[in-house]
Amino acid sequence: MTFHPLVFILALLHAFIGWRLAPELAAPWAWVLGVSLVLSTCLMPLGLMGSRAFRQPWADRLSWAGLLLMGLFSTAFVLTALRDVGLLLAWGVDATGLVTMPLDVLRRFSAQGVPLLALAVTFSGFLNARRTPAIVRVDVPIAGLPAALHGFTLAQISDVHVGPTIKHAYLARIVARVNTLGADVVAITGDLVDGKVAELAAHVAPLTSLRSTHGTFFVTGNHEYYSGAHAWIIELRRLGLTVLMNEHVVLHHGRLLGSDTNFAAVQRTASSGGANGSASLGSDLKNLAQDDSQTVAALVLAGVTDYTAHHFDPSHRSDPALALLGAPASALIRILLAHQPRSAQAAHDAGFDLQLSGHTHGGQFWPWNLFVPMQQPFTAGLNKLHSLWVYTSRGTGYWGPPKRFGAPSEITALRLVAA
């Protein structure tokens, strides 16, 4: 949508708030509300378009102002609409004659309450969004889980959205907290960035400090494609991340009998044209294949491109079955990284045990969480589709307004346990 139609639509929506609230406010506050609505109408579009219309540092400053006002407007608009519903119900009760309702008092105090409540919700949401995400621990019961994989941990971060309001320092705090987990795998399930490599490369650099037994694995989200996915794939690989593009790796994990040393090895197989080919694991893995007395087991970790990737590049069409092609039958546990939960049906059909997703942000702030099920099968948390477990992260950052209300951000520590 171009700038002028966007401003026109926003002006109408802001005018609705002013029309419903301003007449019930005392003169000074009515003027404050009016000026605030005009500023919000002008600055909100700049919050979305600032990086394209202005140079730094003004681009980020305008983005901050516009996005903060976007969050405030969103809540104010919803509360204004709910106020009208409440007043309509009160009028209906009053019209019955059974109960006399103080309609004038209700109109005046509710008009005063809407801006105050919107400010309080927005301030609370800002604090929740900007804090370092809490660790959410989840046990995933897997039938037939090999003993060597009992307690295998995956640290998932998703939907960080490094961009106008999320920078190097925010991501560095996330990385530091992930590293406290001592995870076996770090999984980044898409929507890492909102901007071009040239703008944000320095701000994603903290990812090089992520530590885990088997490494960090990444799959693209829809926002990578908005931001130039091909360039980001190259950049993330340069930083040492393994980007899985409809392909998989085989993780050999466990402990050698008679030893206090954990065994960990990653075998890459060419399940798609984007794979790097097989990697030799050396004599240890060959010996393990011949000696079943060792408590080491294989796990397939696969990743697909975003569910909508084919709209940007037909060769990137998301395909869970292709991601599993060539996986060894001896690897009984199969985990898929897929940005959107709606990849779940194809993941189940392909034979995966667990899918890790994001995309939804858990709705990010009320009431938008109520609309997520219209597009996605799951909104947040651990759910099951037939025999497939699906964990949907509420996201580690946020998109758009720096605001989370009723959907706190998270770093997820998933642990595989025997069912």
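User: Which exposed residues does the face of helix 8 turned away from its buried side carry?

Analyst: Start with the ground rules. This is a predicted model, where local features need pLDDT of at least 70, side-chain atom pairs count only at pLDDT 80 or more, and totals for chains, interfaces and linings use all residues. Residues are numbered from 1 along each chain as its sequence is written, and side-chain values use heavy atoms, with hydrogens and water left out. Buried means under 20% relative accessible area, exposed over 50%, and partly exposed in between (1.4 Å probe, protein chains only). Helices (H or I, at least four residues) and strands (E, at least two) are DSSP runs, numbered from the N terminus. Here, that face of helix 8 carries Ile234 and Arg238.

User: Which residues of helix 8 are buried?

Analyst: In helix 8 (residues 229-238), they are Ala229, Trp232, Ile233, Glu235 and Leu236. Seen down the helix axis, they fall within an arc of 170°, so they line one face of helix 8. That arc is taken from the directions from the helix axis to the C-beta atoms.

User: What do those buried residues pack against?

Analyst: Think contacts, meaning heavy atoms within 4.5 Å. The partners are helix 6 (197-204), helix 7 (222-226), strand 4 (216-218) and strand 5 (242-243). Just after helix 8, Gly240 has a positive phi of about 100°.

User: Strand 5 came up there. In what order do the strands of its open sheet run?

Analyst: Two strands pair if DSSP finds at least two bridges between them. Six strands make this open sheet, ordered 1-13-2-3-4-5, with mixed pairing. Strand 1 (134-142) and strand 5 are at the edges with a single partner strand each, so one side of each has no neighbour in the sheet.

User: How many bridges join strand 2 to strand 13?

Analyst: Four, linking residues 153-157 of strand 2 with residues 410-418 of strand 13; the two run antiparallel. Thr153 sits opposite Arg415 of strand 13.

User: Now the outside. Which residues make the nonpolar surface patch?

Analyst: Patch residues have over 30% relative accessible area and no salt bridge; like charges are joined within 9 Å, nonpolar side chains (Val, Leu, Ile, Met, Phe, Trp, Tyr) within 5 Å. A salt bridge is a side-chain nitrogen of Lys or Arg within 4 Å of a carboxyl oxygen of Asp or Glu. This patch, about 760 Å², is made by Leu82, Trp366, Trp368, Leu370, Phe371, Met374 and Phe405. Leu370 lies in the loop between strand 10 (354-357) and strand 11 (381-385), and has a relative accessible area of 54%, so Leu370 is exposed.

Methods: Areas by Shrake-Rupley, 256 points an atom, 1.4 Å probe, with all protein chains shown as cover.
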